[in-house]
Amino acid sequence: MSDPSPVRPAVPVLDVWCELQCPDCRGALDDVRALRARYGDRLELRLRHFPLEKHKHSFAAAQAAEEALEQGKGWEFVEAVLGRVEELDRAGEPFLVEVARELGLDAEEFDTALIDGRHILIVDADQAEGKAIGVSGTPTYIIDGERLDGGKSQDGLRERIEQIADRLLAGQE
């Protein structure tokens, strides 16, 4: 027996490969905000972690972002940390816990998550997948199988992402 209700196609996905200690990712923050505002829930923006070895707090920051997501404020945390990259450079993990506290998250649980490493597998899996598909720096965007490298230049990337997203959304109608 078939279900007569129409099946709504899944929304298009934009994977945003990011590193929270990366100045280029901070530069891309306005584009990410604009995409989130323009598409809302019609486009799923997924934060994907790609911590770079040259930034010593990036792996902890990726784990902290996962804890923030678990506590319901993933993007808010990401934006707050990216907006203050220099403080993360100077203060490290205590800064991540401070940002969590500022956002009203459970800072003690945050600290515990960084100590017990409960989100390490997610970060490792993202990084491994990124390497496997050719991500070499951040930010990198993947939408509809197309990889757009924002580490070289952000110029024109938001427009290209919008073109692809609009085409994908038009195909759902």
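**View 1. Pro 139 and its cis peptide bond, in the loop between α7 (120-132) and β3 (140-143).** Helices and strands here are DSSP runs, the helices being H or I runs of at least four residues and the strands E runs of at least two, numbered from the N terminus. The peptide bond from Thr 138 to Pro 139 is cis, with omega near -5°. Most residues other than glycine have a negative phi, and most peptide bonds are trans. The structure is a predicted model, in which local features need pLDDT of at least 70 and side-chain atom pairs count only at pLDDT 80 or more, while totals for chains, interfaces and linings use all residues. Residues are numbered from 1 along each chain as its sequence is written, and side-chain values use heavy atoms, with hydrogens and water left out.

**View 2. Asp 144, in the loop between β3 and β4 (146-149).** Although Asp 144 is not a glycine, its phi is positive, at about 50°. With a relative accessibility of 47%, Asp 144 counts as partly exposed, a class that lies between buried (under 20% relative accessible area) and exposed (over 50%), as computed with a 1.4 Å probe on protein chains only.

**View 3. The packing of helix α3 (residues 74-82) on helix α5 (residues 93-102).** The two axes, which are lines fitted to C-alpha atoms over the stretch in contact, lie 10 Å apart and make an angle of about 130°, where angles run from 0 to 180 degrees between N-to-C directions. That angle makes α3 oblique to α5, since angles under 35 degrees count as roughly parallel, over 145 as roughly antiparallel, 65 to 115 as roughly perpendicular and the rest as oblique. The crossing of α3 and α5 is right-handed, a term used if the near helix is turned clockwise from the far one by less than a right angle, and left-handed if anticlockwise. Phe 77, Ala 80 and Val 81 of α3 meet Phe 95, Leu 96, Val 99 and Ala 100 of α5, contact being defined by heavy atoms within 4.5 Å. By class, this contact of α3 with α5 has seven nonpolar, no polar and no charged residues; Ala, Val, Leu, Ile, Met, Phe, Trp, Tyr, Cys and Pro count as nonpolar, Asp, Glu, Lys and Arg as charged, and the others, Gly among them, as polar.

**View 4. Leu 96 in the largest nonpolar core.** A nonpolar core is a set of buried Ala, Val, Leu, Ile, Met, Phe, Trp, Tyr and Cys residues joined through side-chain atoms within 4.5 Å. Of the 45 residues in the largest one, Leu 14, Leu 20, Phe 77, Leu 96 and Tyr 141 touch the most other members. Not counting residues up to four places away in sequence, Leu 96 touches Ala 60, Ala 61, Ala 64, Phe 77, Val 81, Leu 88, Phe 110 and Leu 114. Apart from the largest core lies another, of five residues, among them Trp 17, Leu 52, Val 135 and Ile 142.

**View 5. Arg 48 in strand β2 (residues 44-49).** Arg 48 is buried, with a relative accessible area of 8%. Leaving aside residues up to four places away in sequence, Arg 48 touches Asp 15, Val 16, Trp 17, Cys 18, Asp 126 and Glu 129.

**View 6. Asp 31 in helix α1 (residues 23-39).** Asp 31 counts as buried, at 15% relative accessibility, and, leaving aside its neighbours within four places in sequence, is in contact with Gln 154 and Arg 158.
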